[in-house]
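I opened this model to look at the overall build of the chain and then at its salt bridges. My entries follow in the order I made them.

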Amino acid sequence: GAEQSLLEFNADVPRNPASTQKLLTTFAALELLGPAHTWHTDVYALGTRSDDRLDGDLLVKGYGDPSLTTERVWLLMHGVMRKGIKQVSGDLVLDDSYFALEPEDPGGFDGQRYRTYNALPYALLTNFNAVDFIFRSDSAGRVVIRTDPVLPNLSIDNKVQLSPGQCRGTV
């Protein structure tokens with residue numbers, strides 16, 4: 001006969017499958033990649049070396065490391081310097097071709113394209129595809145807004161003003 005469950009709690013109440021979907025994808029990743037899999041990012045010197053100089057390009061190839069943060073990029077570059085390269089005459093070449101995925105709409109799932117949880121797979125994903133906005137007051141009492149990482153093509157229309165009192169937590 002059919003097996004009978006020993007314990008049930010709200011078994012007839014519909015649930016959002018998001019959390020259980022994570023279990024399925026985690027199981028599939030463990031089966032395909034194994035529990036000892038590690039993600040990595042490689043750096044290649046494309047050119048000739050003379051002393052501490054690379055006459056050529058520095059290639060950074062991503063393999064999907066989900067924890068590639070600004071700090072880890074600094075460590076990666078420090079590793080290049082430990083190998084004896086202090087100057088590069090060419091370009092920094094970023095290779096994100098490992099996944100070779102078709103372009104998708106990150107908001108296709110729930111319409112929230114700018115939410116970090118909707119970041120699409122990307123072989124050179126950095127800082128979880130998120131930007132930190134840093135708010136500081138200067139000596140003239142103005143609010144200065146910077147980003148980490150610095151985004152040279154981002155223009156911030158800063159209308160933030162300081163006001164006395166405690167922050168209410170609402171805008």
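Entry 1, an acidic partner. I note at the start that this is a predicted model. I began with D138, which is partly exposed at a relative accessible area of 24%. Its side chain meets that of R142 in a salt bridge, with N and O 2.9 Å apart. I looked up R142 as well: this residue is exposed, and its relative accessible area is 53%.

Entry 2, the count. How many salt bridges are there by the rule used? I get five salt bridges, and I wrote down three pairs, the one above among them.

Entry 3, D95 and K61. I find a salt bridge between D95 and K61, and their closest N and O atoms are 3.3 Å apart. D95 belongs to strand β4 (residues 92-95) and K61 to strand β2 (residues 53-62), so this pair ties together parts that are 34 residues apart in sequence. Are these two side chains on buried or exposed residues? D95 has 18% relative accessibility and counts as buried, because the cut-off for buried is under 20%. K61 is buried too, with a relative accessible area of 15%.

Entry 4, R72 and D65. I list a salt bridge between the side chains of R72 and D65, at 3.2 Å from N to O. I checked the cover on each partner. D65 is buried, with a relative accessible area of 5%, whereas R72 counts as partly exposed at 37% relative accessibility.

Entry 5, secondary structure and spread. I count two helices and six strands in the chain. Read from the N terminus, the order of elements is α-β-β-α-β-β-β-β. The radius of gyration of the chain is 23 Å, well over the 16 Å given by the globule rule for 171 residues, so the chain is more spread out than a compact globule. I also took the spans of the C-alpha trace along its principal axes, which are about 75 × 55 × 30 Å.

Entry 6, burial, contacts and surface. What share of the 171 residues is buried? I have 16% for the chain. Among contacts with a separation of 6 or more, 48% are between residues 24 or more positions apart. The accessible surface of the chain is about 14300 Å², and carbon and sulfur atoms hold 55% of that area.

Entry 7, charge. I tallied 16 positive and 22 negative side chains in the chain. The centres of these two sets lie 10 Å apart.

Conventions:
Residues are numbered from 1 along each chain as its sequence is written. This is a predicted model: local features need pLDDT of at least 70, side-chain atom pairs count only at pLDDT 80 or more; totals for chains, interfaces and linings use all residues. Side-chain values use heavy atoms; hydrogens and water are left out. Helices (H or I, at least four residues) and strands (E, at least two) are DSSP runs, numbered from the N terminus. Buried means under 20% relative accessible area, exposed over 50%, partly exposed in between (1.4 Å probe, protein chains only). The radius of gyration is taken over C-alpha atoms; the globule rule is 2.2 Å times the number of residues to the power 0.38. Contact means heavy atoms within 4.5 Å. Accessible areas come from the Shrake-Rupley method with a 1.4 Å probe; for residues, only the protein chains shown count as cover. Lys and Arg count as positive and Asp and Glu as negative; His and the chain ends are not counted. The place of a charge is taken as NZ of Lys, CZ of Arg, CG of Asp or CD of Glu.
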